[in-house]
Amino acid sequence: MNLRITIFFALSIWFVPQALGQCMQEITLEFTSLNFDQGCDFNDSNGLDATIEVFTLDGAQLVENEIQDLIQVTGPAENVPFNLSTNPDCCGTGYSPSLGTYPLGQVTFTFFIMIYEADGACCNGYNWWSDDDLGEGEHTFDVLEPEGTVDVGSCISFNYIIHTDIVGTGESLIDDTVCPDFETEVNGSIYNIDNQSGIETLPGMAFGGCDSIINVDLNFVDSPLPLIIGDNFLCPDGSVVLSTETEFEQYLWSTLETTSEISVEGEEGLFSVAVVDEFGCSATAEFMLEFFDLTTLEITGDLVVCPDNPSGTLTVNDDFDIYEWEGGNDGNIFDFNESGIYGLTVTDANGCSQSSEIEVTLAMPEPLEIFGPTVLCSDDAIILSVDDQFTTSTWSNGETTNEIEITQGGMYEVIATDINGCVQSTEIEVVESMIEIPEINGPTTFCFGEIVALSIDSNYDSIVWNTGESESEIMINEGGEYSVTVSDDVGCTQSSQFETILSQVEVPEISGPSVFCADETAVLFVSQNYDSYDWSTDETIDEIIITEGGDYAVTVSDVNGCTESTEISVLQSSPEVPDISGPSIFCWDEIAVLSVDQDFETYTWNTAETDKEISISQAGDYSVTVSDINGCTSEAMVTIDQYLEYNIETDELTCLPDEEGQVVVDSMDANGCTIQVITNFIYEGDDVCFLELSAFVTDAFCEGSNGGTVQFTVESGAPPFELLIYGPDGNELVSTTINETLTEGFFEGLAAGIYTVEYIDASGNINFLEFEIGISDGPDYTLSPDQFLTVGDELELTISEMGTLIEDTNWYLDSLLVCESCNVLPVSPEITSTYQVEIFYGDNCVTFDEVTITVLMEEEEPPALPDVFIPNVINPEGDQDQSFFKPYGSTIESTLEMNIYDRWGNLVYQDLSDNANWDGRVLGGEAIPGVYVYRLVLLMQDGSEKLFFGDITLLR
């Protein structure tokens, strides 16, 4: 037994650190606004006391908050902005409620939410419920989509923001038993059998940004040594059991089996097993399994037998120890006496067995049949044959082929042997018959138009002419070859042929031109040979000469006196003189076309061209000769002239260095000829060419108005300047000349859009400028603020214009006009009312604003005004506290918008940042001291937006 073992040690083991600690995510919920839908019915006439509660699904309360600033919410369709992180609840504390701390892998959180209107005291540890349950239900938050809206009922929903903070530390342990050659790198350190433990720290590298601490503790063991045992040789259909000498935890054989031993049946080759011991170390062993050499089993003998002798012998090669035939014979020779299937099993010296079987079939020969006719006609020969499946044949006339030829009647017998050696015999009788050849009687020649008879004797069983007739006599009117076939009562046939000639005169052909030219003669002649000719001109020869057109006829006859006639029409032709079309003169770089107006059969120009149309490139005399379809010719001539070639060259100055050089442009002169205009551009130099213009723009009042202006300032260049202003549609609006003063560069009446300015100085330098007219924020005015009024009192609502844009104002209450063209509106409402003002300004522009008057009962006190201070004087060069302009106040959350206008209503400064302020500068330079107007939009801590107008004095 041969045994070959190969050991493979694993190079590395993959392991996952054991988690000892982990990063967590702390989820904080921030409500941003409540949204009330149509149909909300709040029981409390003094407003809504909204309470929001959030619970986990097991009932633990996470959030409880009552909101103070909803006193004015008395009905539907209003949104109340608030922020729990800044707005205090009724206990005076502001917070962003935490939804808890969760593993980093969790991204969705489901809670139970309730919103209701509560009556009673707060901050007492429990809620006083009213009948207004606004909505409740489960909702799932997703930290991957941190902003959204929760619908908690048919009446109310709220907007929210989710914040996620990462807390904790990611700590892991690498504690494993590994193989001797194991090696791994942790945080840049190599751990192997020489360095088995340590502590590694990775700052901020854990999932979520926590520090990752890795503790390494490895234990090294010996590698396994597997050995495969089993028989090395087997028969091809035998089996053997292979196993390992030592037990292991895991097995993987090359047969993909995973047991400690495997059974191999009928398969040889290299087998291997990979094992893993209790510590996870692996190794591999191999085992070669081979088959015994087998002698090939061969059976020979009689495999096909005839029905009259179904016996024979089978023989086997003499290379085996044991022979076992089906039927009891135990030798290598087997005699049989009938057809069938015979099986054999043999066994060699190694005990390996083989089996085979062989079939002895009973031949079923096809019946022997002689093929060929049974009638032999006189002076004829016929073929008798048998099928090619027979290998030998012996006929009664002594011939030994499968096919014989006979010329006499009589009885013929054949004995034949097939491919299997089976013998058969059969015979056939051939009858011999005599029939005479028929003789056809009739004329050998007759004339066209005659009818003649052809006939034979009538003593035949059947008669068939090649005309299809079956009588002994037929009538013909055409010459040619005629044949007849006759047969007797046994089917033998004879045939005869007879040729007769039909004398017919060939129709004469008159040769000659059908058309000939004027002042010429033509020849007409008959090309065939006849005995006589008779022309319509009374001439009797085969050729005549004619001098004029007309109809000509001839009659001819052959030796039998048969005649035939024909005629011809001849015309005389005279083509018209051709007309040549084309230009009388053309340019030097062009190709002119000359053509003949009429259509002719051929064209021949003096240029040797033969088309109806020719192209010429130079002046000269041109002629053409034409011919019609009859070959008759005519000609014409024209004289063509050509312009002389020339070009134009000029010098021009340029302010573009890249443009210096020569430019060649193709152009066209007064005659329509192409010429080259050569321009030499000469660069003047930077000191002469520098040209710059700037623009100060005022926006239009509104979309569709023409209230925009632009004022140009000359920065450099040689005045005066020529300006061309193009509107947004690309059309030229203004073309004028200005000096360096600003007043000459002022233009008004411009609509919104992008404009282009082309300007040229006195030196011819050109430059371009683009400016845009936008849409202004509307007129600058101060409107009476929202106010509180006790029932029965009266006050005036006013609108004061800070600029000069407002043209008219109308006042409305509940969409009804209450005062037309009024700047001051006295009001004394009995209930809270909102007044709308319609403001007309600029060029047919209109905007809307409104004032709300809250009506209080006599015993009610109006709420305190917001704590806002806005300075009215700034001095950027003075005290630091007054060096810039901005609003102050404890109730201000941020500035949404700051606009500064000059006394003409022009916007000179805008700031949309949270901490907006103005330092007294305009367009990067110091503003002129004086009175300016401000417009502020502030976001208050209660979530509302407040608008403030006023004057600010700038000092220096």
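## Nonpolar patch around Ile545

Ile545 is placed in strand β44, which spans residues 543-546. The coordinates described here are those of a predicted model. With a relative accessible area of 60%, Ile545 is classed as exposed, because the threshold for that class is over 50%. Together with Val523 and Phe525, Ile545 forms a nonpolar surface patch of about 250 Å².

## Overall architecture

The secondary structure of the protein consists of one helix and 78 strands. The protein has 956 residues, of which 37% are buried. Its exposed surface amounts to about 53,500 Å², and carbon and sulfur atoms contribute 46% of that area.

Contacts in the protein can also be considered by sequence separation. Of those with a separation of 6 or more, 54% are between residues 24 or more positions apart.

## Ser557 and its surroundings

Ser557 belongs to strand β45, residues 550-557. Its relative accessibility of 14% makes Ser557 buried, since residues under 20% fall in that class. The side chain of Ser557 forms a polar contact of 2.4 Å with the side chain of Ser532.

Which residues does Ser557 contact when neighbours within four places in sequence are left aside? They are Tyr530, Asp531, Ser532, Cys562 and Thr563. Ser532 thus appears both in this contact list and as the partner in the polar contact with Ser557.

## Disulfide bonds

A disulfide is a covalent bond between the sulfur atoms of two cysteines. The model contains eight disulfides, and three of them are described below, beginning with Cys235 and Cys352.

Cys235 and Cys352 are joined with an S to S distance of 1.9 Å. Cys235 sits in the loop between β15 (233-234) and β16 (239-244), and Cys352 in the loop between β26 (340-347) and β27 (353-362), so this disulfide ties together parts that are 117 residues apart in sequence. The torsion about the S-S bond of Cys235 and Cys352 is about -80°, which means that the link is left-handed. Both ends are buried: Cys235 has a relative accessible area of 13%, and Cys352 has a relative accessibility of 2%.

## Two further disulfides

In the disulfide between Cys587 and Cys673, the S to S distance is 1.8 Å. The loop between β48 (585-586) and β49 (592-596) holds Cys587, while the loop between β55 (661-668) and β56 (674-683) holds Cys673, so the pair connects parts that are 86 residues apart in sequence. This link of Cys587 and Cys673 is left-handed, with -85° about the S-S bond. Cys587 is buried at 4% relative accessibility, and Cys673 is buried with a relative accessible area of 0%.

Cys819 is linked to Cys822 by a disulfide with an S to S distance of 1.6 Å. A torsion of about -70° about the S-S bond of Cys819 and Cys822 makes this disulfide left-handed. The relative accessible area is 15% for Cys819, which is buried, and 12% for Cys822, which is also buried.

## Residues with positive phi

Most residues other than glycine have a negative phi. Ser821, although not a glycine, has a positive phi of about 55°. Ser821 is located in the loop between β68 (816-820) and β69 (824-827). With a relative accessible area of 45%, Ser821 is partly exposed, whereas Cys819 and Cys822 are buried.

Ala608 is another non-glycine residue with a positive phi, in this case about 80°. Where does Ala608 lie? The residue is found in the loop between β50 (602-605) and β51 (613-616). Ala608 is exposed, at 64% relative accessibility.

## The loop position of Asp293

Asp293 occupies the loop between β20 (282-291) and β21 (299-301). Is Asp293 buried or exposed? Its relative accessible area of 72% places Asp293 in the exposed class, because that class begins over 50%.

Not counting residues up to four places away in sequence, Asp293 touches Asp348 and Asn350. The C-alpha atom of Asp293 is separated by 9.1 Å from that of Pro236, and these two residues are 57 residues apart along the chain.

Methods. Residues are numbered from 1 along each chain as its sequence is written. This is a predicted model: local features need pLDDT of at least 70, side-chain atom pairs count only at pLDDT 80 or more; totals for chains, interfaces and linings use all residues. Side-chain values use heavy atoms; hydrogens and water are left out. A disulfide is a pair of cysteine sulfur atoms within 2.5 Å. Helices (H or I, at least four residues) and strands (E, at least two) are DSSP runs, numbered from the N terminus. Buried means under 20% relative accessible area, exposed over 50%, partly exposed in between (1.4 Å probe, protein chains only). Patches are made of residues with over 30% relative accessible area and no salt bridge: like charges are joined within 9 Å, nonpolar side chains (Val, Leu, Ile, Met, Phe, Trp, Tyr) within 5 Å. Accessible areas come from the Shrake-Rupley method with a 1.4 Å probe; for residues, only the protein chains shown count as cover. A salt bridge is a side-chain nitrogen of Lys or Arg within 4 Å of a carboxyl oxygen of Asp or Glu. A polar contact is a pair of N or O atoms within 3.5 Å; within protein, one must be able to donate a hydrogen and the other to accept it, and residues adjacent in sequence count only if both atoms are side-chain atoms. Contact means heavy atoms within 4.5 Å.
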